[in-house]
Amino acid sequence: MTILSPPLGAIDLPGKKIIQSPDTDHGFKFELADKDSSYNFNCDTKTEREKWVDAISCISYGPFGGGMFGSSIEVTVKREKLLGGRNIPKIISQCIGYLDNSFRLKENGIFRLPGNEKTVKQLKMEFQEGMEPNLEAKGDTHTIGSLLKLYLRSLPDSVIPSSLYEDFVAIILTYELNQTEGLNELRYLLSKVPCSSFNTIRRLCEFLYKVQTYSDSNRMDLNNLAIVFSPTILKNNSGNLDLEMRDMQKLKRVTEIMILNYQSLFPDDKAEEEHEDLDLDMIDPEELKNLYTVKMIKYQVQAREIVTKDKEIEELRAQLAKCQSTVQEQECTILEQQNMIDKLQGSAQRLQLQELENDSVN
C-alpha cells in the first residue's frame, strides 16, 4: 500500500471517516478524513484494501459504538455495554431478531443461499460506523443471513477460543462412547469460554436449533447448519491445513452436539449468573472518554426527542381544543337554526289555521 499524502507522520485514527474510492486501473484507494485533515491510501489489490479498511475501522469507529467487524467479541461487548448494550454483540442479536419468525425460518436455503452483495456491504459499513441500520427496510432473509455469517468470519478468533480447540475435538471420542459423560465434559469445557463468547454461542445454538426444526421447508437440517457454522464457532488458528482437514468432521460433529443439546449445555440461568462485571481498566482511557461522549450525545438526543414529542402533544392538544370549540360553535349555530325553523313552522301553522278559519266564515 502506498501513502499518497501526507508522506510521513502518525495518524490519530479514532473519529476518522473511511471513504472508499471507485476502483480504477491505477489501484484500489481509500481515504481517511475528518473536518481537519485527509489522508489518501492506495492498495495493490481489492482484497488488500478490504483488510486495511477492516483493520483501521476497528480503531476509527470502535470508540463510537462501531468497529465490531474485526474486533473480538469481548472487546465489542465491553464497548457496547458502555452505550447500553447487552451481553452479546448487537449485530448478532439484531440479525437473529430479524430472522426469528416463522415466515423467514421457512425460507428455502436460509444461511446457504447468498444475499444481495451490495446490501450486505452497505449494512456492514453502517454497523461498522456505529449506526443503527433498519434491517426491516433494507434486508431480506438471505441478505441478513449473509451479514451474520460475514460478521462471524471477520472475528479474529472463533466464537469458542481456538486455545480450547484440541480439548473440544477430543470430546467426540468420549461422547460416542458415553453420551452422558461426553455432555458433562463438554459442559465443563464451555464453562472455560469467556462470558461474552459463552453468551454468543449459547444464543447461536438456541437459534440454530430452531432453524433446523423448519428443515422440511428451509432444507437446512442439523448437518447442513453445522457445515455452515462450524468453521466460525470453533477453528484452529495454527494455519495447518492438514490438521484442519483431519478434524473437519469432528468440528462439524461438535457443532451438531451443541445445537442439538443447547438446553442442557446452556441452562437459562447460567450465563446470567456468571456474567462478568465490566472491566473499565481493559479499555483505553481516551476510548473510554469517547464512548461516554457518544453515550452523553445519545442521551441528549433522546432528551431532545422527548421535548419535541411533548411540544407535539401540546400542539395536538391545542388543535383538539380548537376543534372542540369549533364544534361547540357549530352546535350553537345548529340550535339557533333549529329554533328559527321551529318559529317558521309555527308561523306557517298559524297562517294555515287563519286560512281555514277565513274559509269557514265565507
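So, α3 and α10: in this predicted model, how do the two helices run relative to each other, parallel or perpendicular? Their axes cross at roughly 10 degrees and come within 11 Å. Anything under 35 degrees counts as roughly parallel, so that's what we call α3 and α10. For orientation, α3 is residues 90-99, and α10 is residues 195-212.

Who's touching whom? On the α3 side you've got Ile-92, Ile-96 and Leu-99, and they meet Thr-200, Arg-203, Leu-204 and Phe-207 of α10. By type, that contact splits into five nonpolar residues, one polar and one charged.

Okay, stay on α10 and look over at α13, residues 241-260. Here the axes are 8 Å apart, and the packing angle is about 80 degrees. That puts the pair inside the 65 to 115 window, so α10 and α13 are roughly perpendicular to each other. From α10, the contact uses Ile-201, Cys-205, Leu-208 and Tyr-209; from α13, it's Met-258, Ile-259 and Leu-260. And what kinds of residues are they? Seven nonpolar, with no polar and no charged ones.

Last one: α12, residues 222-233. Which of its residues are buried? Leu-222, Leu-225, Ala-226, Phe-229, Ser-230, Thr-232 and Ile-233. If you look down the helix axis, those buried positions fall within an arc of 155 degrees, so they line one face of α12. And what does α12 pack them against? Our two friends α10 and α13, plus α7, which is 141-154.

So if you're rotating the model on your screen, try α10 as your anchor: α3 roughly parallel to it, α13 roughly perpendicular, and buried residues of α12 packing against it too.

How values were computed:
Residues numbered from 1 in each chain as written. Predicted model: local features only at pLDDT ≥ 70, side-chain atom pairs only at ≥ 80, totals over all residues. Heavy atoms only, no water. Axes fitted to C-alpha atoms, helices over the stretch in contact; angles between N-to-C directions. Helix = DSSP H or I, 4+ residues; strand = E, 2+ residues; numbered from the N terminus. Parallel < 35°, antiparallel > 145°, perpendicular 65-115°, else oblique. Contact = heavy atoms within 4.5 Å. Nonpolar A, V, L, I, M, F, W, Y, C, P; charged D, E, K, R; others polar. Buried < 20%, exposed > 50% of the residue type's maximum accessible area, 1.4 Å probe, protein only. Arc of directions from axis to C-beta.
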